[in-house]
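Reader: I'd like a close look at one part of this protein, and I'm happy with a long answer. Here is what I have on my screen.

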Amino acid sequence: MKIEGLQNNIAGIEPQHLRKQLRKRARNGQTDEATLQESAVSVNESADVEKAVKEQVQLQTIDEQRIQEIKEAIASGNYPVDIHKISESILKEFLGS
C-alpha cells in the first residue's frame, strides 16, 4: 500500500490553520476556555497522527525498496540462502524457544 500526495494535513485539518481559527473565535467571543483547551488537544493529537503517518510512509518506502532488491537478486540467482539460519528459525518457531 502506497500513500501518495501526503501533505501537512490529516483529514483536511492543518494544525496552524486550526490554531488561527481558534484564536479568531476567541477574540470574537465565540468560544469558551474549555472549548479552546479541547481544541488545543485536538491540534496536538492531529500533529502526532501526522508525524506517525509520515514515519509509516517512510518505513513503507524503505521496505518496498528492499523487496525490489531481493526480487532482483533472486531473479539473477544472486540471493544467498543460509540453510542453517532458516532451520534454526523454523525450530525456534515450532518449539517456542
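Which helix gives the largest share of the nonpolar patch? Please walk me through that part and then set it against the rest of the chain.

Author: Bear in mind from the start that this is a predicted model. The helix you're after is α3, which spans residues 83–95 and brings three residues to the nonpolar patch, the largest share. The patch itself covers about 610 Å² of surface, and its members are Ile 74, Tyr 79, Val 81, Ile 83, Ile 86 and Ile 90.

Take Ile 86 as an example. This isoleucine sits in helix α3, and its relative accessible area is 44%, so it counts as partly exposed. Patch residues have to pass 30% relative accessible area, and Ile 86 has 44%. As for how far to trust this part, α3 is where confidence is highest, with a mean of 94.

Now for the setting. The protein has three helices and zero strands, which reads as α-α-α along the sequence. Among the contacts with a separation of 6 or more, 70% join residues 24 or more positions apart. Of the 97 residues, 11% count as buried. The exposed surface comes to about 8,400 Å², with carbon and sulfur atoms supplying 52% of it.

Next, the charged pairs. Side chains of opposite charge can pair when their charged atoms come close. The count here is two salt bridges. One joins Glu 50 to Lys 54, with the closest N and O atoms 3.3 Å apart. Both residues belong to helix α2, which runs over residues 33–76, and they are four residues apart, about one turn of the helix. The two partners have their own levels of cover: Glu 50 is at 12% relative accessibility and therefore counts as buried, while Lys 54 is at 35% and counts as partly exposed.

The other bridge links Glu 69 with Arg 66, and there the closest N and O atoms are 3.4 Å apart. This pair is in helix α2 as well, three residues apart, again about one turn. Glu 69 has 45% relative accessibility, so it is partly exposed, and Arg 66, with a relative accessible area of 44%, is partly exposed too.

Finally, a word on where to be careful. Mean pLDDT for the protein is 75, and 63% of its residues reach 70 or more. Helix α1, residues 15–27, is where confidence is lowest, at a mean of 69. Over residues 5–11 pLDDT stays under 50, and the model has 13 contacts beyond four places in sequence for that stretch. So, back to your question: α3 brings the largest share of the nonpolar patch, and α3 is also the helix with the highest confidence.

Notes. Residues numbered from 1 in each chain as written. Predicted model: local features only at pLDDT ≥ 70, side-chain atom pairs only at ≥ 80, totals over all residues. Heavy atoms only, no water. Patch = residues over 30% accessible without salt bridge, like charges linked within 9 Å, V, L, I, M, F, W, Y side chains within 5 Å. Areas by Shrake-Rupley, 256 points an atom, 1.4 Å probe, with all protein chains shown as cover. Salt bridge = Lys/Arg side-chain N within 4 Å of Asp/Glu carboxyl O. Helix = DSSP H or I, 4+ residues; strand = E, 2+ residues; numbered from the N terminus. Buried < 20%, exposed > 50% of the residue type's maximum accessible area, 1.4 Å probe, protein only. Contact = heavy atoms within 4.5 Å. pLDDT = per-residue confidence, 0-100.
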